[in-house]
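Biologist: I'm new to this one, so please walk me through how to read it, one feature at a time.

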Amino acid sequence: MKNTPYTGGCLCGLIKYEVDQIEPRMGHCHCSMCRKFHGAAFATLGEAKAENFKWLQGQDSLASYKADNGTVRQFCKQCGSSMTFAPADDDGKLIEFAMGTLEGGAELTPDAHIYVDSKACWFEIQDDLPQHKKGR
Ligand SMILES: [Zn+2]
Ligand SMILES: [Zn+2]
């Protein structure tokens, strides 16, 4: 499945990125904001060191939304694809990106569920990954 550098992009194709290495921490986030932002039961976010993540094109098509709690989410202006997440205290060293925007596979798989306290009641977790009530 290894196809590094990994590449990914938004639905309409304006935005494309490349990731040389994905860090081991990959959570399914069930928080209410990720659920809304992704329009899904949960968001799966991969992490890469900033030096391993590069926008290839379309960076000017990224819009961002800063929530009341200071978290920032980036999305494609044209097609609305959810692209990245940054915590309120982001130091820029890590990029968290939506795994669903990757082309092809990745060697790593998710390692945890986070913010399970906010999980959608209509979704049932059916794997054995660790579950964190909030962040980790
Ligand atoms: Zn797009
Ligand atoms: Zn979340």
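Modeller: Let's begin with one term: two strands are said to pair if DSSP finds at least two bridges between them. With that in hand, look at strand 2, where Val19 stands opposite Phe53 in strand 5. Keep in mind throughout that the model is predicted.

Biologist: In which sense do strand 2 and strand 5 pair, and over how many bridges?

Modeller: They run antiparallel, with four bridges between strand 2 and strand 5, which covers residues 53-57. Strand 2 also pairs with strand 1, residues 6-9, again in the antiparallel sense and over four bridges. One bridge there puts Gly8 with Tyr17 of strand 2.

Biologist: How many residues lie between strand 1 and strand 2 in their hairpin?

Modeller: There are six, and in that turn Gly13 has a positive phi of about 90 degrees.

Biologist: Let me zoom out. How many helices and strands does the protein have?

Modeller: One helix and ten strands. Reading from the N terminus, the order of elements is β-β-β-α-β-β-β-β-β-β-β. As for overall dimensions, the radius of gyration is 14 Å, close to the 14 Å that the globule rule gives for 136 residues, so the protein is as compact as a globular protein of that length. Its C-alpha trace spans about 35 × 35 × 30 Å along the principal axes.

Biologist: In what order do the strands of the open sheet sit?

Modeller: The order is 6-7-8-9-4-3-10, seven strands with mixed pairing. At the edges are strand 6 (62-66) and strand 10 (112-114), each pairing on one side only. From one strand to the next, the twist averages 30 degrees.

Biologist: Show me a few pairs inside that sheet.

Modeller: Take strand 7 and strand 8, which pair antiparallel over four bridges. Val72 stands opposite Ala86 in strand 8. These two strands make a hairpin with five residues between them, and Gly80 there takes a positive phi near 80 degrees. Then strand 8 pairs with strand 9, also in the antiparallel sense but over two bridges. The bridge partner of Thr84 in strand 9 is Phe97.

Biologist: Now the faces of a strand. Which residues of strand 2 are on the covered face, and which on the uncovered one?

Modeller: General idea: in a regular strand the side chains alternate between the two faces of the sheet. In strand 2, Tyr17 and Val19 make up the covered face, while Lys16 and Glu18 are on the uncovered one.

Biologist: And how do I read the core? Which residues touch the most other members of the largest nonpolar core?

Modeller: The principle is that in soluble globular proteins, nonpolar side chains tend to be buried together. Here the largest nonpolar core has 25 residues, and Cys29, Ala43, Leu45 and Met83 touch the most other members. At least two core residues come from each of strand 2 (16-19), helix 1 (32-38), strand 4 (43-49), strand 7 (72-76), strand 8 (82-86) and strand 9 (94-98). Leu45 is worth clicking on: leaving out residues up to four places away in sequence, Leu45 touches Met26, Gly27, Cys29, Phe85, Glu96, Phe97, Ala98 and Met99. Across the protein, buried residues make up 30% of the 136.

Biologist: Is Tyr6 buried or exposed?

Modeller: To decide, count C-beta atoms within 10 Å: 20 or more others means buried. Tyr6 has 24, so Tyr6 is buried. Tyr6 belongs to strand 1. Beyond neighbours within four places in sequence, Tyr6 contacts Glu18, Val19, Ile22, Leu102 and Ala106. Compare that list with Ser64, whose C-alpha atom is 23 Å from that of Tyr6, the two being 58 residues apart along the chain.

Biologist: You pointed out glycines with a positive phi. Which residue has a positive phi although it is not a glycine?

Modeller: Tyr115, with a phi of about 55 degrees. Tyr115 lies in the segment after strand 10. Why is Tyr115 counted as buried? Because Tyr115 has 23 C-beta neighbours inside 10 Å.

Biologist: Last one: what share of the contacts between residues at least 6 apart join residues at least 24 apart?

Modeller: The share is 56%.

Conventions: Residues numbered from 1 in each chain as written. Chains lettered and ligands numbered in written order. Predicted model: local features only at pLDDT ≥ 70, side-chain atom pairs only at ≥ 80, totals over all residues. Core = buried A, V, L, I, M, F, W, Y, C linked by C-beta atoms within 7 Å. Buried ≥ 20, exposed ≤ 12 C-beta atoms within 10 Å, placed from the backbone. Contact = placed C-beta atoms within 7 Å. Axes fitted to C-alpha atoms, helices over the stretch in contact; angles between N-to-C directions. Rg over C-alpha atoms; globule rule 2.2 N^0.38 Å.
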